[in-house]
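Biologist: Could you take me on a close look at one part of this model, the packing of two neighbouring helices, and then show me what lies around it? I would enjoy a connected account.

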Amino acid sequence: MNAIDCIKERRSIRKFSDKEVTADVISGVVATAAYAPSWKNSQTTRYIAVLDKEIKNRLAKECMMDFEYNIGTASGAPAMVVVTTINNRSGYERDGSATTSKGTHWQSFDAGIATQTFCLAAHEAGLGTVIMGIFDEKKVAEVVGLPEGQSVSALVAIGYAAEEPAAPRRKSAEELLTVK
Ligand SMILES: Cc1cc2nc3c(=O)[nH]c(=O)nc-3n(C[C@H](O)[C@H](O)[C@H](O)COP(=O)(O)O)c2cc1C
């Protein structure tokens, strides 16, 4: 698959088949996502793959802030990936001071690039994903045992797609681009 097709054809998938996703398959996707760029190549994004049904169900039932769509998606997904980031490195100097005025912004920025790279690599590997932003960070941290000094950046449901949704409308280049 070429890069343009991969970018354009990836869709958010919220319905999955029963086919299991193995740790090996997710490891392959993470190995590709590792090529995402990051602040000074700091590579602060981490991935917790939740394959255990009990933990996954706790993510679905206890961590989605009663948002029915995410409860349904996470319940039906064979696996969930918790994307985490190591705090206070991306965008920061070694003495702990922020390099720019943007503080923690670059940590989130790196996590976003890494997560999209993960989703594109998953798409190339034949897997469907959806990034989820509506979750209770404290509860997710408790359920997965988040390591000290890390934040939860996003959740990603992952599995083999059982739907082929149409692409939601995209803005045109004219709407998005200003040339000066
Ligand atoms: C930061 C972020 C948070 C998102 N949160 C959710 C979410 O909580 N639940 C959900 O079903 N989709 C979520 N999405 C998926 C978007 O709704 C989806 O990407 C958008 O509608 C475009 O569709 P496409 O991914 O198929 O191109 C999120 C996407 C991003 C990038």
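Modeller: Gladly; here is a walk from the helix pair to the loop beside it, the ligand shell and the core. Please keep in mind that this is a predicted model.

Let us start with the pair itself. Two packed helices are described by the angle between their axes and the distance between the axes. Here, helix α3, residues 53-62, packs with α4 at an angle of about 170 degrees, and the two axes are 8 Å apart. Angles over 145 degrees count as roughly antiparallel, so α3 is roughly antiparallel to α4. On the α3 side, the contact is made by Lys56, Asn57, Leu59, Ala60 and Lys61, while α4 contributes Ile71, Ala74 and Ser75. By character, these contact residues divide into four nonpolar, two polar and two charged.

The loop between α3 and α4 holds Asp66. Its phi is near 65 degrees, a positive value in a residue other than glycine. Asp66 is exposed, with 8 other C-beta atoms within 10 Å. Lys40 also has a positive phi, near 45 degrees, and is likewise not a glycine. Lys40 sits in the loop between α2 and β1, and this residue is partly exposed, with 13 other C-beta atoms within 10 Å.

Each helix of the pair also leads somewhere else. Take α4 (68-76) to begin with: together with β3 (128-132), this helix is one of the elements that give two or more residues to the shell around the ligand. There are 13 residues around the ligand, and Arg11, Ser12, Met132, Gly133 and Ile134 come nearest. The shell divides into seven nonpolar residues, four polar and two charged.

Helix α3, for its part, is among the elements that give two or more residues to the largest nonpolar core, as are β1 (45-50), β2 (79-86) and β4 (150-159). In soluble globular proteins, nonpolar side chains tend to be buried together. This core has 39 residues, of which Ala79, Met80, Val81, Val82, Val140, Val156 and Ile158 touch the most other members. The largest share, seven residues, comes from α5.

For a single residue to inspect there, try Val82. Leaving aside residues up to four places away in sequence, Val82 touches Ile48, Val50, Val140, Val144, Val152 and Leu155. Strand β3 ties the two stories together, since β3 gives two or more residues to the ligand shell and also two or more to the core.

Note on methods: Residues are numbered from 1 along each chain as its sequence is written. This is a predicted model: local features need pLDDT of at least 70, side-chain atom pairs count only at pLDDT 80 or more; totals for chains, interfaces and linings use all residues. A residue is near a molecule or strand if its C-beta atom, placed from the backbone, lies within 6 Å of it. Helices (H or I, at least four residues) and strands (E, at least two) are DSSP runs, numbered from the N terminus. Ala, Val, Leu, Ile, Met, Phe, Trp, Tyr, Cys and Pro count as nonpolar, Asp, Glu, Lys and Arg as charged, and the others, Gly among them, as polar. Axes are lines fitted to C-alpha atoms, for helices over the stretch in contact, and angles run from 0 to 180 degrees between N-to-C directions. Angles under 35 degrees count as roughly parallel, over 145 as roughly antiparallel, 65 to 115 as roughly perpendicular and the rest as oblique. Two residues are in contact if their C-beta atoms, placed from the backbone, lie within 7 Å. A nonpolar core is a set of buried Ala, Val, Leu, Ile, Met, Phe, Trp, Tyr and Cys residues joined through C-beta atoms within 7 Å. A residue is buried if 20 or more other C-beta atoms lie within 10 Å of its own, exposed if 12 or fewer, and partly exposed in between; C-beta atoms are placed from the backbone.
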